[in-house]
Protein chains: 2
Amino acid sequence: MAADKERGVEWRINVADGTSRVLEAESRFGLQRFVSKVGGFFQRAWRIGVNEPKKSIHCVKVGVALSLVSLFYYMRPLYEGVGGNAMWAVMTVVVVFEYTVGATLSKCVNRATGTLLAGALGVGVHWVASQAGERFEPIILQTSVFLLATAATFSRFIPSIKARFDYGAMIFILTFSLISVSGYRVEKLFEMAHHRVSTIAIGTSICIITTIVFFPVWAGTELHNLITNNMDKLSDSLDGCVADYFSSNSQTSDKTLQGYKCALNSKATEESLANFARWEPAHGKFNFGHPWLEYVKVGASLRSCAYCIEALNGSMNSKAKVPDVFKKHFGNFCVRLSNKSSAVLKELAVVMSTMKKPTKIDFMVEEMKSAVQELENALKSLSKQPIQTAEAKAGEVVTLVEVVPLVTVSSLLIEIAARTEKLAGAVNVVAEKAEFEVETAEEAKKGQKSKGGNKIGQEDEEDKAMKTLQKV
Amino acid sequence: MAADKERGVEWRINVADGTSRVLEAESRFGLQRFVSKVGGFFQRAWRIGVNEPKKSIHCVKVGVALSLVSLFYYMRPLYEGVGGNAMWAVMTVVVVFEYTVGATLSKCVNRATGTLLAGALGVGVHWVASQAGERFEPIILQTSVFLLATAATFSRFIPSIKARFDYGAMIFILTFSLISVSGYRVEKLFEMAHHRVSTIAIGTSICIITTIVFFPVWAGTELHNLITNNMDKLSDSLDGCVADYFSSNSQTSDKTLQGYKCALNSKATEESLANFARWEPAHGKFNFGHPWLEYVKVGASLRSCAYCIEALNGSMNSKAKVPDVFKKHFGNFCVRLSNKSSAVLKELAVVMSTMKKPTKIDFMVEEMKSAVQELENALKSLSKQPIQTAEAKAGEVVTLVEVVPLVTVSSLLIEIAARTEKLAGAVNVVAEKAEFEVETAEEAKKGQKSKGGNKIGQEDEEDKAMKTLQKV
């Protein structure tokens with residue numbers, strides 16, 4: 001407030017009697033708080049828009065599709081062609097247009113199938129009812145609505161139907177109720193059915209064209225990117241947290257360290273994306289019938305690695321101090337193993353994203369296994385020699401309890417390696433089912449070069465790790 | 001097939017020429033497979049219906065609500081009161097009726113608010129457009145549809161809006177497009193708005209009455225039960241897997257062992273239930289404004305325990321064999337700690353489900369901590385004495401690597417204890433915010449009795465654990 005006055009700023013509001021008065025502190029703070037809240041909201045919204053341009057484009061696409069469909073109202077022949085029911089087309093666009101192509105297609109197919117099935121059944125039931133005489137007609141209609149609504153609602157609880165036909169079941173109930181009930185009044189049932197079908201056809205085709213032609217967002221591609229990104233993140237946070245633990249001057253950003261949490265929480269997204277991706281036609285590198293359900297298994301495998309990294313993080317944050325001698329001795333092996341595991345994760349991410357048959361993976365997994373062996377040997381030797389050396393050096397008794405955190409970290413790293421191997425198996429299944437291409441001679445050459453590069457990179461990394469450890 | 005013939009059964013189908021012929025093996029098998037597939041489907045559906053009667057009741061409720069709303073068509077004065085637009089009421093019921101009361105209420109409020117807002121805005125824009133002259137009218141209308149649809153779609157990407165007002169935003173787009181576009185043709189805009197509002201009012205009130213009066217399923221209660229059940233399951237699987245590991249003749253069922261997986265995968269469900277529960281009025285033990293969002297935090301805390309149990313399970317399945325002497329020595333402490341932790345989890349579940357202020361928890365947490373201390377002491381002593389004793393006894397060198405799995409299990413158990421303590425803190429927050437009652441004198445007495453009973457039970461358990469360990 002003082003600052004405000006110094007700058008000569010005053011908060012004034014106009015009062016009913018025409019004068020203006022300076023706002024009291026309390027109401028000003030209320031207003032300020034409100035303004036800052038609204039400002040914060042728009043800031044967050046702006047950040048979403050800037051960081052994820054795909055989402056902004058989607059919004060524009062919805063606007064375009066709605067403008068297209070509303071043109072129907074302005075073109076008399078079209079409008080009259082559907083008997084003034086252009087409303088249904090607008091409704092279809094609003095309800096059916098989703099973020100990904102797969103979701104939109106799935107909703108279109110569901111809406112069309114549900115409407116057709118329910119329409120046919122509704123007309124049939126209506127005919128039966130009309131044959132039964134005026135007295136029984138409403139009873140038959142009401143009973144059929146009750147029974148079919150109950151049955152269709154129940155079907156929505158069955159997981160296999162819920163995953164793919166939930167919306168269709170709802171549309172089925174809707175159309176059947178509308179037809180079998182409204183038929184009592186509206187005599188021109190077939191005309192209505194015809195209009196409804198053609199408006200839905202118009203609406204769905206506008207949606208499909210808009211969603212596929214302008215900057216399409218494919219559920220398959222999203223799933224593909226989600227999985228490979230999660231692999232990358234897992235690899236980074238594994239590397240980061242082991243490096244941070246064993247060397248005091250390595251500072252990995254919190255964002256990198258917490259990266260594994262993305263994998264922990266992406267189960268629902270992965271499953272729904274996989275379900276939508278199954279509806280999509282061939283696009284980009286993916287054929288129709290790409291093994292999307294196998295991606296879900298890769299995701300599950302990835303999550304089981306993430307659980308272990310979570311536990312690893314937990315045990316690294318424990319307060320128990322480990323004597324530096326042991327940290328140094330073990331650090332080498334642990335950092336080496338975590339480097340190997342994260343390299344496998346990184347390579348698996350490359351395999352998934354380039355869709356080339358994995359050639360280096362087997363070799364890298366073997367390297368990882370030998371790192372596991374070395375760590376196990378180090379553990380073995382610890383109980384015999386180093387403790388005594390350390391004791392002699394430090395002149396004090398070193399008890400097992402002091403190395404407990406180290407042992408835990410080591411065996412969690414070993415477990416992570418085992419799970420990474422399983423993950424490699426899951427990726428292999430995808431590679432086989434999706435018939436990933438084999439590397440051409442040229443690519444292999446390039447690959448070897450980059451492998452050489454990698455090796456140098458790895459050695460560099462190991463050197464770096466050694467150096468940071470020596471500084472401890 | 002042979003069996004079929006023996007029993008004199010033949011598969012015949014009627015052919016077009018009036019005769020019937022025995023089905024060939026191949027097509028019979030196709031048919032059989034189809035029949036068995038359909039049979040399996042219905043079996044699964046039947047099981048859902050029998051195991052979860054609430055879901056079957058929900059289906060009947062949908063049928064009842066639809067039958068109620070379709071009565072409108074048969075009552076002429078009502079039908080004409082809404083200008084033949086009874087369709088909107090049916091549609092509202094189909095679209096808005098959800099499994100839980102909270103979800104239904106949320107959709108009702110969203111639908112009503114979205115319609116009203118968009119209606120007012122639509123009429124306003126329409127008035128402005130009509131003032132602008134015939135030439136600019138369609139341009140203004142089209143532009144407003146485009147801009148508002150884009151903005152509203154964007155708002156659906158903002159997490160805070162998506163969680164609570166996603167459906168409302170969709171209805172806003174729908175109503176605004178319908179009104180601003182159809183207004184070009186239909187002159188009687190206000191009448192249409194009036195009809196739409198009254199039909200929606202009819203539809204939503206039928207839904208709300210049906211969902212609350214007949215066997216209501218409260219999202220709050222579901223969330224409450226989900227959390228307490230998950231606590232119970234976690235407690236059981238912790239107990240089960242530790243017991244199985246340390247004694248060869250303890251056989252916990254797979255279902256119990258895998259119980260923790262329910263907690264791993266319930267994040268999305270918990271969050272959506274909490275969002276719906278916030279809309280619900282006071283019911284059962286819960287007031288309006290019950291701290292449902294705190295339940296989500298309890299769920300997150302529970303999940304962090306579950307991650308550790310997952311890692312524990314993983315390290316218990318490792319092939320490394322631990323010498324029996326150590327297993328026996330450590331088993332006591334590990335089983336004791338896991339018993340204490342799972343007892344805390346069980347007690348927390350009791351606190352949550354009875355909604356009484358926790359009185360025993362602090363005491364039990366202290367007991368758990370002392371069990372942690374004992375286990376740590378055991379680890380400490382291991383490096384000094386027992387190894388040498390064991391060596392002397394077995395006459396062979398026992399290396400650290402042989403006890404690595406034990407050390408890992410121990411420190412994971414210690415980590416689980418730490419996380420359980422945090423969970424107790426989260427439950428405490430719920431207890432304070434929801435103002436859980438204090439136990440009355442009588443209940444406290446009862447509680448003490450059961451505490452005594454518990455103690456006996458605990459001692460029994462410990463005895464049992466000791467006995468099973470001695471048998472190893």
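How many disulfides are there over all chains? Hi everyone, let me start there. What we have on screen is a predicted model, and the count of disulfides over all chains comes to zero.

Take two cysteines in chain B as a worked case. B:Cys241 is in no disulfide, and the nearest cysteine sulfur belongs to B:Cys334, 11 Å away. The view from the other end matches: B:Cys334 is in no disulfide either, and its nearest cysteine sulfur is that of B:Cys241, at 11 Å. The cut-off for a disulfide is a pair of sulfur atoms within 2.5 Å. As for surroundings, B:Cys241 is buried, with a relative accessible area of 4%, and B:Cys334 is buried too, at 0%.

Let me step back to a whole chain. Chain A has 19 helices and two strands. Of its 472 residues, 49% are buried. If you look at contacts in chain A with a separation of 6 or more, 80% of them come from residues 24 or more positions apart.

Now for an annotation. The unreviewed UniProt entry marks "transmembrane region" on chain A at residues 56-74, 86-105, 112-133, 139-158, 165-185 and 197-219. I picked two of these to check against the model. Residues 112-133 of chain A are 91% helix and 0% strand, with the end C-alpha atoms 32 Å apart. Residues 197-219 of chain A are 78% helix and 0% strand, and there the end C-alpha atoms lie 27 Å apart.

On to how the two chains sit together. What rotation superposes chain B on chain A? The answer is 180°, with 0.0 Å of shift along the axis and an RMSD of 0.1 Å. The two copies are therefore related as by a two-fold rotation axis. If you want to find that axis on your screen, go to B:Thr408: of the residues of chain B, B:Thr408 comes closest to the axis, with its C-alpha at 2.3 Å. The same surface serves both copies, as 100% of the contact residues of chain B recur in chain A.

Here are the numbers for that interface. Chain B contributes 77 residues to the contact, and chain A contributes 77 residues as well. Between them the chains bury about 7,100 Å², and 76% of that area is on carbon and sulfur atoms. How many salt bridges are there between chain B and chain A? The count is two. One pairing across the chains is B:Glu310 with A:Arg419, at 2.7 Å from N to O.

For a local look at a contact between the chains, zoom in on A:Thr150. A:Thr150 sits in helix α7 of chain A, which covers residues 137-155, and is buried, at 16% relative accessible area. Setting aside neighbours within four places in sequence, A:Thr150 is in contact with B:Cys59, B:Val60 and B:Gly63.

Let me finish with charges. Side chains of opposite charge can pair when their charged atoms come close. Over all chains, the search of the whole structure finds 34 salt bridges, and I have a few to show you.

First up is A:Glu271 with A:Lys267, where the closest N and O atoms are 3.4 Å apart. The two residues are four apart in helix α13 of chain A, residues 267-277, so about one helical turn separates them. A:Glu271 is partly exposed, at 35% relative accessibility, and A:Lys267 is partly exposed at 27%.

Next is B:Glu98 with B:Lys107, with closest N and O atoms 3.1 Å apart. Here B:Glu98 is partly exposed at 26%, whereas B:Lys107 counts as buried at 18%.

Then we have B:Glu367 and B:Lys340, whose side chains meet in a salt bridge at 3.6 Å, N to O. B:Glu367 lies in helix α16 of chain B, residues 361-384, and B:Lys340 lies in helix α15 of chain B, residues 324-354, so this pair ties together parts that are 27 residues apart in sequence. Are these two buried or exposed? Both B:Glu367 and B:Lys340 are buried. And salt bridges can share partners: A:Arg156, A:Lys162 and A:Asp166 are joined into one network that way.

That's my tour. Thanks for listening, and I'm happy to go back to any of the views.

Note on methods
Residues are numbered from 1 along each chain as its sequence is written. Chains are lettered from A and ligands numbered from 1 in the order in which they are written. This is a predicted model: local features need pLDDT of at least 70, side-chain atom pairs count only at pLDDT 80 or more; totals for chains, interfaces and linings use all residues. Side-chain values use heavy atoms; hydrogens and water are left out. Buried means under 20% relative accessible area, exposed over 50%, partly exposed in between (1.4 Å probe, protein chains only). Copies are superposed by least squares on the C-alpha atoms of residues with pLDDT of at least 70 in both. Contact means heavy atoms within 4.5 Å. UniProt positions are given in the numbering used here, feature names are shortened, and annotations may be inferred rather than shown by experiment. A salt bridge is a side-chain nitrogen of Lys or Arg within 4 Å of a carboxyl oxygen of Asp or Glu. Buried area is the accessible area (1.4 Å probe) that two parts lose on being put together, summed over both.
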